[in-house]
Amino acid sequence: MSPPQVREPTDLERNALLANPNIAHLTNNGRLSVPGSPYSPSSPRTGSDTSINRIKNLPGYKNYQFAGKSAQQEEVEDNVASKGFIPAELVNNEVVWFYNHLGIDDTYFANESIEVISDHVLALYGAKLLAYTKHDPAKLVIDLEKITREGDSDKSPEGAVFIHTSPPGKRATDGPGATCEKRIDNMYLDNSTVEKAYRLETYRSQGSVSATTGQQLRCYFVTRCQFPSELAKKLPDGTTDIRTVSDTRFLERASEHTLGIYQSVMSNVETRYGPVIEVFEVEETRERRVVIGYRMGGTSHYFSALSDLYHFYGLYSARKYVEQFANGVTIVSMYLNPVPNSQAPPIEHSIFQVKKEASLLYCLPDNPFFAEEGVPHAVQEATYAYCGWIFAQHFCNRLGAAYLALKNVLDESNPEHEQVLNQIKRRFRDETFTRQYIEDVIKAHPELIRLLYINFAMVHYPSHEEATRLGPTLSYLRMQVDHPLTDEELYTKIRRTMPNEHDQQVLTSFLVFNKHVLKTNFYQPTKVALSFRMEPSFLPAVEYPKTPFGLFFIIGSDFRGFHVRFKDVARGGIRIVRSRGVEQYSINQRMLFDENYALASTQSLKNKDIPEGGAKGTILPSIGANARLCFEKYVDAVIDLLVPGHSPGIKEPIIDLYDKPEILFFGPDEGTADMMDWAAIHVRNRGVDSWKSFTTGKSAELLGGVPHDTYGMTSLSVRQYVVGIYKALGLKEKDVTKVQTGGPDGDLGSNEILLSSDRTIAIIDGSGVLADPAGINRQELIRLAKLRIPVSNFDRSKLSKEGYLVMVEDQDVKLPSGEIVQDGTDFRNSAHLRFKADLFVPCGGRPEAVNISNVSQLFDLDGALHFKYIVEGANLFITREARLYLEKRGVILFKDASANKGGVTSSSLEVLAGLSLNDSQYTDLMIFKNGKPSEFYESYVRDIQSKITENAANEFSCIWREYNRLKGVKPRSAISDELSGHLTELQEELENSDLFDDKPSRLGVMRKAIPDTLVNKVGLDPILRRLPVPYQKALFASWVASHFIYQFGVNGSAVDFFHFARDLALRD
């Protein structure tokens, strides 16, 4: 990997480091305002006091007094004595010490049986004997636990008790303390739901284990929550009354003081997306209380990670609580104190670092570079290391000179050569830089990682106007320990420190990462995932021949994701990439960005005649992760980089090296079709002005979306190609035989049935295979299509004697021909290769269903075609190599990027409506009233359908003319790609030209490009005032480019364009 381009931080960026950034956490003049809570007036701010909420030294929870404790103690003493393990003369002393000197909370004694407590007394005695035999009191290890599962006992409620030795302020690396909290996370807290939630109380014992050692115990009490059965009540501000959603034991134990604090935190959680983190200074003590609220299930392994965090700063917790609430809110409360005689920074300073880094931990609680033996990174450095780790997995240059040399020798236009190159590329990626290898390199060089982090922070560490009044935080102080190295110096140090070339590549990729981050939410006070807007010029051309316009990189606790766009104004779907198992997940990890890049590139071809260029987003959830939650975090993290922050302590200004407004347009894709409404509402709540157009695929009734399936948008463009073939060849549709994949239950499949009148002989869908050589009964097909149900519901009585229906679950089925189908699923998966008809229209099915390995099966042994015409309605159904193979042998084929672009046209015009209408107009005109659309909406839908039909017919004619002009030398799929390439190139040239500045031409094009319904209702001038200038340029360029090329073809001359452009203002 060559050294990155050196870019020194500007003076402004350097000045950002000269001030304390933690003014971010100021709220309400330095105190949390809760009506009726016993807060003292705010005090003068000290140098470290950046977000202080000062409270009186009152108990957070009522001390529980177990009335039967003395009587129980006597019973325990008798029980222990009866077992005979402890000498009789020592029994009383051991039991008295256990009850009165260990400092175990009465909750334990109230909830446990005589037998369990007796066993624990014996276990403690046995541990002391073992430690004595080792002649080292430090070897005294207590490990007591009792887990009661649901249904185990009628007397004991579901829950658990864990008691173990625990030195204050130190992270245990072995023994029970090393795993206890992680086990509690895994067994209880991470799995809590509103239906089955668990609360946790944990205390550090006040006394020592014995008179000869100062070791203390940590006690954990986990109990199943008991929520009220009544409906929750709302407060006047619309948030939930905490008392109506609380566990009964919590209400018994919590003080009014705590209820007031938790109520405020809960209300903030309900009105925000992301964690709410508050710090409280207890008057006349050094104790600090940290209260963190978030949505239940929003993160995992967080409780144990927080312990690692405060231990890192030399703090210990006297008490900790995790409370769950019936409205889906989780609140964690920690009572933190400095370890006596510690060399750690004073708690008055370090507590604010705990607060800042708790936000990072929320995003990445499972970080192999934090709180690991021999890895001395603070949370910020460890989080940076984690992000660099993920970046290196995707972007280490793994192909190198050998691959490039081979690439230059082979012919990529040859399908077989291209397949060889792809196989070699995948092998390089699998074997060169594995996840484990990269992790090992990072862990082996903590000092270099620290210097790389400082290099990153020197640019992106935020500053605020008031920061000069405040003292420096630990983050800033850590950066000042060494003189930051320049990029060149850092690159040189990496080379000299690491003799291994591959190791150098790993850490050099961190430097590349640093130099190409334009903005990030890394230092945002609250966030749910980490996001980075990258400048994508670092992508090697040998792998990614066309450099994207923009790249977003998103990392969450349970997912990673990308968003790639090839133009400033671009649109594409967000896809969830699911993994069936560990092996599939590993493959998906390696290939995620490549898949994203390829999808966005393909989208560019499809978006050829609309303003938006190609874009795509991908999300890879971890195995077992909640895919919807991953999507929500992904969207929120991206919005962090699009909307300037103005809320102190929540969302604040970030360092923005891009320094231009950005508008993204998201759409539905695999796994996200039902999430578009949430995204639109969420970005509206986040203050995004373009929320109405941020997502397409929204529900029509609630948010004014234009559903493709309801109005057959994608099918309209597919039909134009089918009808175009009929017209060009003089065919009568009723005489044409057809095979279709994608059944009557799908969007394309159902509408293809409803719009056609051919003789369909086979339909293949997810439920099975329906076939009838005489032609499938059209009326029955229409019935299924209108009901949107699969072919498994077909009335078999309407089949001819040669017809059949084979379901995927069928086995050993005999067809009318006598053929035995052993397995219905296998039969379904290959059925598209067995039938013969005039026309094949794939409307569904897996990508690459027809590929270079099986395409020969679409021909008889004598070379006769199974299909004369193919219109590829389903995306990527046929591979490029297979298309060329088919066309070379005489099949008339129109590829997916041309045939199924009706959906993207519809979505584009949905975006246009959202940008053109203000909020009140959008509500009145686009959102249904009483379940019915407005006249404007219906008229606008007709405009969209007309535009789809027009664009598809124009492109079909252009491809058909060009094929005939070239006398069949160039395949139609290649002409389609060439057409897309010319269109996008001409669009880019036009967007960068001054033709847009010619007002008559601009207005003439805009009047034609914007649907009549919209212009007539709103007016052209108001629309243009609302449309962002980049979008106007893109709309202008797309209309001019598409109409010119569709009219004059890909070989239109400069003279042709001169005459075309001269007439733009006159067009009606």
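Helix α38 is followed by G1049, a residue whose phi is positive, near 80 degrees. The structure is a predicted model, and the end of this helix is a convenient place to enter it. Helix α38 covers residues 1029-1048. At 1.5 Å a residue, its 20 residues should span 28 Å, and the C-alpha atoms at its ends are 28 Å apart, so the expected and modelled values agree. The helix is mostly covered, with 15 of its 20 residues buried.

Contacts lead from here to Q987, which is placed in helix α34 (residues 972-991). Leaving aside neighbours within four places in sequence, Q987 is in contact with A1037, S1038 and A1041, among others. Its contacts also include K567, N607, K608, D609 and I610. Toward K608 there is a polar approach: the side chain of Q987 reaches the backbone oxygen of K608 at 2.4 Å. Q987 has a relative accessible area of 2%; the limit for a buried residue is under 20%, and Q987 is therefore buried.

D609, one of the contacts of Q987, leads on to the charged pairs. Side chains of opposite charge can pair when their charged atoms come close. The side chains of D609 and K901 form a salt bridge, with N to O at 2.5 Å. This pair links distant parts of the chain, 292 residues apart: D609 lies in the loop between α19 (582-606) and β15 (613-621), and K901 in the loop between α30 (896-899) and α31 (902-916). Both D609 and K901 are buried.

Two further pairs can be followed in the same way. R719 forms a salt bridge with E752, where the closest N and O atoms are 3.1 Å apart. R719 sits in helix α25 (residues 713-729) and E752 in helix α26 (residues 747-755), 33 residues apart. Both R719 and E752 are buried. K738 forms a salt bridge with D758, the closest N and O atoms being 3.0 Å apart. Here K738 belongs to strand β17 (residues 737-741), while D758 is in the loop between α26 and β18 (759-765), 20 residues apart. Both K738 and D758 are buried. Elsewhere, salt bridges that share partners join R199, E201, D247, R249, R253 and E323 into one network. The whole structure holds 64 salt bridges.

The nonpolar side remains. The largest nonpolar core has 208 residues, of which I292, L507, F532 and I1010 touch the most other members. Not counting residues up to four places away in sequence, I1010 touches L912, V1015, L1020, I1023, L1024 and L1035. A second, separate core of 49 residues includes I142, V265, V269 and F325.

Note on methods: Residues numbered from 1 in each chain as written. Predicted model: local features only at pLDDT ≥ 70, side-chain atom pairs only at ≥ 80, totals over all residues. Heavy atoms only, no water. Helix = DSSP H or I, 4+ residues; strand = E, 2+ residues; numbered from the N terminus. Buried < 20%, exposed > 50% of the residue type's maximum accessible area, 1.4 Å probe, protein only. Polar contact = N/O pair within 3.5 Å; in protein donor to acceptor, adjacent residues only side chain to side chain. Contact = heavy atoms within 4.5 Å. Expected span 1.5 Å × (residues − 1). Core = buried A, V, L, I, M, F, W, Y, C linked by side-chain atoms within 4.5 Å. Salt bridge = Lys/Arg side-chain N within 4 Å of Asp/Glu carboxyl O.
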